[in-house]
Amino acid sequence: MIASSTFRQGSYAAAVAILLALTGVFGKLDERQVVTGAITLSMVLLAIMLCGAGLMTASRVKERGIVAMLFNGILGSLIVGAGLALVMLVENAIDLTFVFAELKTDPITPVLTFGQTLSSGIILLLVLSALAGAISGALLSIPSEARQIILLSLALTASVGLLEAQIKSINTLPDALAVVGVLGTGYLVAINQMQRSSLVRLGLGLGIGAIVGIVLGLIANGGGFGTGSRLLSAPGILSQVIVFALIGGMGSAVAATQRNIHNGTLFVVGFLLSIGVLNWQNSMNWIATLLILIVFATLFWLMPRLTAEASSRFETQPRPERQVNQRFSLLIVLLVMLVAPLFLGQYITSIFDLVGLYIIMGIGLNIAVGYTGLLVLGFVAFFALGAYTVGTLTTPSLLTCGGILPADIARADIPTICTGVMTFWQAWPIAVIVSMLAGVVLGIPVLRLRGDYLAIVTLGFGEIIRLITLSGDFKPIFGGAQGIGNIPVPVVDLTFLNPAWRFELGSAFNIYYLILFGIVITAFVAYRLGSTRLGRAWRAIRADEDVARAMGINLTRAKLLSFAVGAGFAGLGGAIFGSWLQGIFPNSFTVLVSINVLALIIIGGLGSIPGVMLGAVILVGLPEILRELQDYRLLAFGVLLVVVMLARPEGLIPPPVRRLSEQVDSATPQQGKA
Amino acid sequence: MSDPILSAQRVIKRFGGLTAVRSVDLSIPRGSIASLIGPNGAGKTTFFNCVTGFYVATEGSIKFGNRELVGLRPDQITNAGIARTYQNIRLFQGMTALENILVGMHPRLKSGPLGSILGLPGQRSEERAALRKAMDLLEYVGLAGNGDWLAENLSYGLQRRLEIARALASEPQLLLLDEPTAGMNPNETDDMMHFIRRLRDERNLTIFLIEHDMKLVMTVSDQVSVMDYGEKIAEGTPSEVQRNPRVIEAYLGAQNVDKTRGKRKEQVAS
């Protein structure tokens with residue numbers, strides 16, 4: 001009945017839980033509410049620990065039937081619960097704070113006893129453990145699809161609850177319902193008109209969206225029921241019509257599209273509805289929690305079915321039709337990204353900015369690691385070079401003041417002005433070129449190195465660049481430990497068109513557009529290079545370097561180009577980073593940045609551009625949001641890497657298999673054998 | 001035998017104290033099918049590697065037409081017009097059959113990174129033409145319809161054919177096949193035999209192959225060279241080679257076993 005593995009695995013889980021508890025994690029997370037006034041983040045963590053142990057132990061006895069699973073699941077969770085109870089007993093008996101200092105401010109007992117006395121709290125904890133174990137056992141006995149739906153919708157509901165304050169005001173429930181309604185109408189119309197061409201379907205979607213937009217606008221403005229709604233009380237009916245027409249068009253485009261875009265759209269729909277519910281209830285109370293849970297559960301239940309249908313509809317279309325769909329979808333995604341900051345608010349936008357910088361770097365590193373298979377561990381060096389180049393060129397410095405220190409100019413009263421100071425727009429191409437050259441300079445000596453050796457050398461290179469910027473010898477140029485301050489923000493000066501059009505890209509809102517532009521450019525260049533002759537050479541080198549060489553590929557040239565292009569992207573990211581923060585310091589460019597970028601492309605999917613984007617959102621965006629977890633960031637990365645490598649070794653969004661044979665059909669007819 | 005396409009003179013390849021190829025002279029007539037046979041470990045693949053630039057011959061010269069190959073990089077040798085396949089199939093994993101062929105075309109394509117990024121008309125039409133040519137090659141080797149399969153998902157026989165298509169993509173004059181029928185059943189071997197003939201006849205190629213299947217070697221070859229312990233011990237038409245006593249000795253063992261063993265120990269020691 002009881003498997004011996006249950007005790008072993010339960011003890012492992014208990015050990016992990018006890019260690020984490022001793023770091024004060026429960027106290028730290030208790031501040032953060034997931035369901036207002038009821039469930040805190042520490043409760044969620046406790047549930048994860050207990051259910052995790054239950055799932056682990058129950059899965060070992062899966063073939064022995066449901067009773068064994070329930071029994072062993074309960075036992076596994078109870079071991080963890082007992083372990084945590086033991087820690088509380090010890091904490092109350094002897095003073096642990098001299099070793100575990102965190103427990104001074106964040107003791108375990110008040111959290112895990114749920115505000116009860118110690119003895120009744122422990123009993124409650126054990127009962128809850130048994131319950132969690134039973135739930136785990138039951139979860140394992142239902143079909144895996146249902147299990148996934150439950151777990152994913154719980155996770156997403158929890159994340160909505162966590163972000164309550166930041167996302168509450170993004171959209172209202174009428175907004176969400178209107179968007180989903182129009183999107184769905186476009187979708188349904190397109191499904192029923194599949195025999196028509198995709199352009200006709202798009203037109204139908206656009207038209208229906210526009211009509212619904214007019215109607216909704218009239219209702220909302222006439223009945224005054226759109227108050228507080230962003231979309232429905234928009235200034236003027238024309239903008240409403242345009243917005244809803246585009247949404248309707250998107251609906252019809254999504255009806256036959258690839259998996260990624262379809263899944264992405266469904267996620268957006270889910271979040272729009274959840275935020276709408278949250279906005280309507282005005283807090284994450286039980287009603288909101290339950291409704292959001294239902295929204296996500298429905299979504300995940302529908303997702304595999306709808307997506308499979310949509311992608312099979314997509315596959316059966318001829319190529320030109322598909323391209324119309326794809327391009328329209330891309331256009332909409334871009335438009336949504338353009339207006340997104342207006343809705344997301346300052347805080348989320350600034351997180352997007354940071355995520356965006358990492359996306360630019362990730363796309364660059366992806367060229368070296370994902371395409372060419374060159375493991376570069378010092379990628380931050382190129383980021384730093386870009387930032388420092390812009391820093392030195394746009395501020396008064398030894399370089400820009402004709403070899404005289406700016407400080408000396410004032411003191412010696414030399415009638416010189418720093419004529420060499422550039423604007424951001426003049427400096428960034430130089431930053432990119434400097435980074436590319438550095439890529440080549442690093443590339444030449446390491447061309448012959450492979451794998452581990454290359455990783456070590458590039459790791460060293462990253463540190464060398466950081467130490468140079470830190471060193472006293474280069475202080476007149478790089479500013480030593482103080483770095484470079486007062487870097488001017490990029491200014492877009494369109495006053496010749498309209499006197500009011502002078503934009504300083506200093507705020508999170510304005511720099512967002514520069515970063516978005518950077519992402520579009522780098523993604524485009526990476527995509528084009530990746531799918532043509534040079535990209536094939538890179539991927540061939542990654543697959544088998546010797547054979548690639550025997551195929552006539554010049555390894556030196558291909559590898560150096562790979563280094564240079566990747567480094568150039570990082571340089572662009574660095575240039576934007578420096579002028580956004582208006583100051584740069586050597587300590588912003590530690591090896592941790594390199595590790596972060598590498599981890600995000602591995603988790604996202606090596607060689608895949610959408611993968612880089614998703615990886616950046618997960619690895620950079622989530623830690624920014626879960627500020628309480630900052631101390632546990634690396635631990636979480638480690639866990640995430642292991643989980644992803646076990647569950648999806650190719651990453652979350654693996655690179656697509658390029659179906660080239662279809663491109664031949666659409667090309668000009670064959671002109672005999674070559 | 002006028003105008004050899006490949007002529008090797010006194011090629012020696014040493015790895016430290018071990019001499020894998022010892023003073024091999026060999027020439028291959030243009031337009032012929034030449035075979036290189038010999039027991040395992042005779043140095044056949046090492047000789048191939050010297051020709052294709054994977055190894056640099058320690059001494060001697062290998063001329064392709066009038067061009068000296070010793071000292072050139074593998075990519076330069078491929079550019080010069082020699083392509084090869086491998087004993088253990090080495091396709092580019094994670095790339096489709098078509099992409100594998102397109103990589104083979106690499107030296108014949110011109111477009112650079114800038115043209116690719118901007119999608120210039122020249123680059124686009126070159127890509128289209130290359131793709132069309134790759135489709136033709138795919139059909140030629142009997143892989144029509146498998147273009148979008150990942151190379152590693154193809155069956156063994158098809159992988160061999162894809163490897164040949166990839167080699168053909170670089171438009172070689174001389175094709176080196178390293179055990180093209182390894183691991184094939186008699187039917188597949190027969191197909192491969194006809195295919196090799198077709199290659200020579202239809203594509204104007206010279207073919208130089210390493211092979212263990214004697215039926216195939218003796219049927220298709222115009223010239224057979226035999227290596228044993230790094231040395232070329234015989235050369236000639238299939239029937240000449242079959243009668244050669246040294247070849248029989250190498251394959252079946254000498255009557256005077258002790259003498260041969262002694263000789264071999266000597267060779268290893270040197």
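1. The largest cavity of this predicted model is lined by residues of chains A and B, namely A:Ala550 and A:Met551 together with B:Thr52, B:Pro74, B:Ile77, B:Thr78, B:Ile82, B:Ala83, B:Arg84 and B:Ser170. The elements that give two or more residues to this lining are helix H2 (74-80) and strand E6 (82-84), both of chain B. The space within the largest cavity comes to about 70 Å³, and the structure holds three cavities of 30 Å³ or more.

2. As to the character of that lining, six of its residues are nonpolar, three are polar and one is charged. The charged residue is B:Arg84, because Arg counts as charged, and B:Thr52, B:Thr78 and B:Ser170 make up the polar part, because Thr and Ser count as polar.

3. The second largest cavity, with a volume of about 40 Å³, is lined by B:Cys50, B:Gly53, B:Tyr55, B:Val56, B:Ala57, B:Leu69, B:Val70, B:Gly71, B:Leu72 and B:Ile77. Its lining divides into eight nonpolar residues and two polar ones, with no charged residue; the two polar residues are B:Gly53 and B:Gly71, because Gly is counted as polar in this scheme. B:Ile77 belongs to this lining, and B:Ile77 is also listed in the lining of the largest cavity.

4. Chain B contains an open sheet of four strands, in the order E2-E1-E4-E5, with antiparallel pairing. Strand E2 (18-29) and strand E5 (67-68) of chain B are the edge strands, each of them pairing on one side only. Strands of a sheet pair through backbone hydrogen bonds, either parallel or antiparallel. Between strand E4 (residues 59-64) of chain B and E5(B), which run antiparallel, there are two bridges, and B:Glu68 in E5(B) is the bridge partner of B:Lys63.

5. Helix H1 (residues 44-52) of chain B packs on this sheet, where it touches strand E1 (4-15), E2 and E4 of chain B. The direction of helix H1 makes about 115° with that of E1(B).

6. Turning to the aromatic residues, a search of the whole structure finds 19 aromatic pairs over all chains. One pair is formed by A:Phe382 and A:Phe461, whose ring centres are 5.7 Å apart and whose planes stand at 40°, so the pair is tilted. This pair links distant parts of the chain, since A:Phe382 lies in helix H16 (residues 380-394) of chain A and A:Phe461 in helix H19 (residues 451-470) of chain A, 79 residues apart.

Technical notes:
Residues numbered from 1 in each chain as written. Chains lettered and ligands numbered in written order. Predicted model: local features only at pLDDT ≥ 70, side-chain atom pairs only at ≥ 80, totals over all residues. Heavy atoms only, no water. 1 Å grid on protein atoms, 1.4 Å probe; cavity = no way out; pocket = protein on both sides within 12 Å on 5 of 7 lines; lining within 4 Å. Points joined across faces, edges and corners; volume = space filled by probe spheres on them. Pairing = 2+ DSSP bridges. Contact = heavy atoms within 4.5 Å. Axes fitted to C-alpha atoms, helices over the stretch in contact; angles between N-to-C directions. Phe/Tyr/Trp six-rings, centres within 6.5 Å; stacked < 30°, edge-to-face > 60°.
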